[in-house]
Amino acid sequence: MGALKIIKHASGPQYKVGSPGQPFTMTESWLVSWVPVNEQDVQSCPEDIAIIVAASETGAGGAYIPKVQARYTGCDANASFLVCESVDWRVMPGALKTWMVTANWSSLMEFQYNATVPEPWTRVTRTSSMRQMPIWRVDAAIPAEPYTFPPTAAGSDIGGTKVDVQGQPANRFVQQMQIICEFHYDRTFTLGPDDEIAPEPGPYFSGWLGTRNSEEFLGYDAGQILCNGISISPVNDQIYIMQFKFLFDWMSFFEQRPAPNTGGASFLAAAASTFLGVPYNQASKIAWYQPYPDREDLKLMFPTAVYNAFLTALPAVNTCATPGRSLASKQFNFDT
């Protein structure tokens with residue numbers, strides 16, 4: 001009867017430390033063989049799959065081939081996040097039941113070099129757009145919040161210059177920007193040997209949809225940012241890409257509404273001038289309307305380290321006394 005033999009390869013393990021967002025990987029190799037005791041054992045050697053199973057289940061001489069999705073054993077700050085992603089078995093030509101086996105470990109957690117926890121991987125994408133807005137007034141100041149609609153006081157008109165004709169509004173385009181913030185979430189990071197896996201990160205975030213920022217957020221003033229979408233995409237069984245979608249609006253999403261008369265149409269009064277010499281009327285009472293009145297501190301959607309990473313850039317700038325070259329001719333500071 002033959003026996004399984006597992007010898008760890010002297011050239012490993014080997015590592016690759018990637019940039020934040022790229023995997024930290026480790027590979028380990030073993031020489032695995034089934035060694036017959038006598039000639040009869042050669043004729044009755046086990047099937048290949050049976051040897052693969054035995055190498056991971058029972059091992060040989062205290063050595064085991066890791067199973068796919070096994071967590072690396074140990075409490076090292078980096079290696080403890082490694083998960084076995086695949087195991088390659090390559091037959092050794094000319095040898096009986098002998099393979100070079102390579103286990104591929106991977107982690108998307110940022111590599112930690114010292115006691116300082118590394119900045120988490122984040123990504124912010126911005127896409128500009130515009131919305132079309134009917135307006136009865138221009139140069140009207142955006143109101144302070146909270147704002148009550150409809151206003152009840154007779155003197156609550158928003159002011160500004162009238163631009164409607166017979167109550168029909170003009171149109172203007174308001175600058176907007178779609179902002180997508182992403183980071184990695186590991187739902188197994190608190191697990192011990194017998195703990196249950198953490199729930200999928202979904203229901204908690206649904207209450208943020210349709211809310212605007214009550215405090216400054218990503219450099220934008222209160223009220224200018226709307227949470228309008230959340231996407232959670234699994235990279236593997238452990239890691240999710242958390243994707244939060246926000247919309248910036250230069251007018252804080254305010255819209256204009258004319259006060260109606262008793263018949264439901266706009267309340268009109270004679271205009272101060274004529275339209276090509278023809279007298280006409282204009283809406284006399286205009287109010288602001290806010291379709292997204294709920295406000296929250298949107299920074300609280302993120303762990304503190306993640307939000308701070310949105311606002312920084314790495315690596316740090318070169319601090320040499322005499323820079324090798326200047327980028328002033330091809331870069332500039334963007335106005336906010």
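**Strand β5, helix α2 and the cores**

Modeller: In this predicted model, β5 is mostly covered, with eight of its ten residues buried.

Colleague: What makes a residue of β5 count as buried?

Modeller: Buried means under 20% relative accessible area, and eight of the ten residues in β5 meet that description.

Colleague: How do you know that β3 and β5 pair, and in which sense do they run?

Modeller: Two strands pair if at least two bridges are found between them; β3 and β5 have ten, in the antiparallel sense, and one of the bridges sets T25 against S106 in β5. Eight bridges join β4 to β5, also running antiparallel, with S86 partnered by N104 of β5.

Colleague: Which residue in the turn between β4 and β5 has a positive phi?

Modeller: That residue is G94, with a phi of about 80°, in a hairpin that leaves six residues between β4 and β5.

Colleague: Why do you say that the buried residues of α2 line one face of the helix?

Modeller: The buried residues of α2 (residues 48–57) are I51, A55 and S56. Seen down the helix axis they fall within an arc of 125°, so they line one face, and they pack against β1, β3, β4 and β5.

Colleague: What makes the largest group a nonpolar core, and which residues have the most contacts inside it?

Modeller: A nonpolar core consists of buried residues of the nonpolar kinds joined through side-chain atoms within 4.5 Å; the largest such set has 21 residues, and F246 and F302 have the most contacts inside it. β12 gives the most to this core, with five residues.

Conventions: Residues are numbered from 1 along each chain as its sequence is written. This is a predicted model: local features need pLDDT of at least 70, side-chain atom pairs count only at pLDDT 80 or more; totals for chains, interfaces and linings use all residues. Side-chain values use heavy atoms; hydrogens and water are left out. Buried means under 20% relative accessible area, exposed over 50%, partly exposed in between (1.4 Å probe, protein chains only). Helices (H or I, at least four residues) and strands (E, at least two) are DSSP runs, numbered from the N terminus. The arc is that of the directions from the helix axis to the C-beta atoms. Contact means heavy atoms within 4.5 Å.
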